[in-house]
Amino acid sequence: MTGTATQAKPAPGAGSTGSGQQASPPMPWAFPVGTFEQDVQDIDQSVVQSAAAQLWGQWNISPSGWLRGAWIDFLMSVTGNVTNSVTYSKDNPFSGVQKLTVYDLGGEVVVQVTGYQLMILNKYGGYFNVGDPRGDMGYSATTGTGGTAGTFHFVLYVPLEVIGRSALGVVQNESKPGWRIEIYVDSQANTYNQVPSTFGTLRIRGYLASYTDTQPAGYTSGNTIRPFAETPPLPGTLQYWKVEGATLIAAGSSKYDLTNGIGFPLRNVFYLFYDASAGTRAAGDGDIPDPFVIMLGNLQLYNRSLATWHAETGRDYGFYGTFAGTSNSNDNAFARENGILPFYRTLDFANEPGNEYGYKYWATNVNTLLRLQGSFGAQTNLFAMVNWIQTPSKNRYQLVSGGAS
């Protein structure tokens, strides 16, 4: 019997669906799959504190591939204190950082906060399982009359990446000069309640958190090569953190309308209350309207008592009224902050802030009203920390769909 040559059928996944139609190329693996996380020291610079605020320096960030954020280690070393009993209060010791600013490649301000506000960003921003820097094993703030009183140590993180699962928000960092961070160190008097008898030296070390830009060839299964995504979703997406205030709010029935971030999806909005007379958040805690109301346009989003809101945020963040059988006061690790009213839209994937898809960000348009109102307990200096997301297309639905139109 004579046979005739027959053409072998293509293997599944080798460019054919088996019905004469060309198969669609496989979807690339998500960007983090084909990269390595890299954390390297990029700067180590010290400055002696003085009686006036001063510029620590400009940190011109070295090229690192794709930048996720930056870890900054602040170590104040005091030796020779001999006469004073050093104490901390208000926003100390984080207030030793007067201002931190992050500039993008074009010199635009992306993040601008004080040291305490950066601490709040870490604690409430939704970037960590436990984001409170006071809970770190290396945190310290030495008090009393000893020779090293006034020494303190804390570590803060400056985030660019919004969602670690997809790497949304990481920025390309392949040139120098490029991204940069500017830090001002505050005066000794603004860093302590009772100052040391000698000036300390503040050592600041910066570490880049990045994804390497080296892509493996891809994963082969049979005759199919599934590539790795070469860029994060929606490249060019940035998250901003900026602060507005202080706005003097009168005692009694009053309101405050947000300015920053309006027109973009809002990820976090934190209100900081400083009592105008005492100048502290501790006194400002009683100035927060109770109940408070949040209006988005004509929609009443919240009308809540402070007790119920503190209970909800405490459960979400793991803050404890009692810890290990003892009372845990405010302005401590695993406890809420005095005078802080946080609104976080970062809880839509699991029961912890930061487990997010972005579905619950507050959608705003140009001229959208976002108003805090109620009866303020006393005259208050009010600040608003605002975190919003800007995509290249300014399309919120492209943001929440992971890049699809």
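# Exercises on a predicted model

Helix H1 is followed by Gly 126, which has a positive phi, near 85°. The structure is a predicted model, and the exercises below work through it from this helix outwards.

**Exercise 1. Determine whether helix H1 (residues 115-124) is enclosed by the rest of the structure or not.**

Solution.
- Step 1: take the cut-off, under 20% relative accessible area for a buried residue.
- Step 2: go through the helix. Gly 115, Tyr 116, Gln 117, Leu 118, Met 119, Ile 120, Leu 121, Asn 122, Lys 123 and Tyr 124 are buried. The list includes Lys 123 and Asn 122.
- Step 3: conclude. Because 10 of the 10 residues of H1 are buried, the helix is largely enclosed by the rest of the structure.

**Exercise 2. State which strands pair with E9 (residues 180-185), and in which direction they run.**

Solution.
- Step 1: take strand E2 (residues 54-60). Six bridges join E2 to E9, and the two run antiparallel. In this pair, Gln 54 stands opposite Val 185.
- Step 2: take strand E4 (residues 97-103). E4 is likewise antiparallel to E9, with six bridges between them. Here Val 97 is the residue opposite Val 185.
- Step 3: combine the two. Val 185 of E9 has Gln 54 opposite it in one pairing and Val 97 in the other.

**Exercise 3. Describe the largest nonpolar core: how many residues does it have, and which have the most contacts inside it?**

Solution.
- Step 1: count. The core has 80 residues.
- Step 2: find its centres of contact. Tyr 271, Leu 341 and Leu 370 have the most contacts inside the core.
- Step 3: assign it to elements. Strand E15 (residues 266-275) gives the largest share, seven residues.
- Step 4: look for a separate core. Another one, of seven residues, lies apart; Val 162, Leu 168, Leu 234 and Ile 389 are among them.
- Step 5: list the surroundings of Tyr 271. Beyond its neighbours within four places in sequence, Tyr 271 contacts Tyr 256, Ile 294, Gly 339, Ile 340, Leu 341, Phe 343, Leu 370, Leu 372, Leu 382, Phe 383 and Ala 384.

**Exercise 4. Summarise the protein as a whole.**

Solution.
- Step 1: elements. The protein has 22 strands and four helices.
- Step 2: extent. The C-alpha trace spans about 110 × 55 × 45 Å along its principal axes.
- Step 3: burial. Of the 405 residues, 47% are buried.
- Step 4: contact range. Among contacts with a separation of 6 or more, 79% are between residues 24 or more positions apart.
- Step 5: surface. Carbon and sulfur atoms hold 51% of an accessible surface of about 18,500 Å².
- Step 6: charge. There are 24 positive and 29 negative charges, and their mean positions are 5 Å apart.

How values were computed:
Residues numbered from 1 in each chain as written. Predicted model: local features only at pLDDT ≥ 70, side-chain atom pairs only at ≥ 80, totals over all residues. Heavy atoms only, no water. Buried < 20%, exposed > 50% of the residue type's maximum accessible area, 1.4 Å probe, protein only. Contact = heavy atoms within 4.5 Å. Areas by Shrake-Rupley, 256 points an atom, 1.4 Å probe, with all protein chains shown as cover. Lys, Arg positive; Asp, Glu negative; His and termini not counted. Charge placed at Lys NZ, Arg CZ, Asp CG, Glu CD. Pairing = 2+ DSSP bridges. Core = buried A, V, L, I, M, F, W, Y, C linked by side-chain atoms within 4.5 Å.
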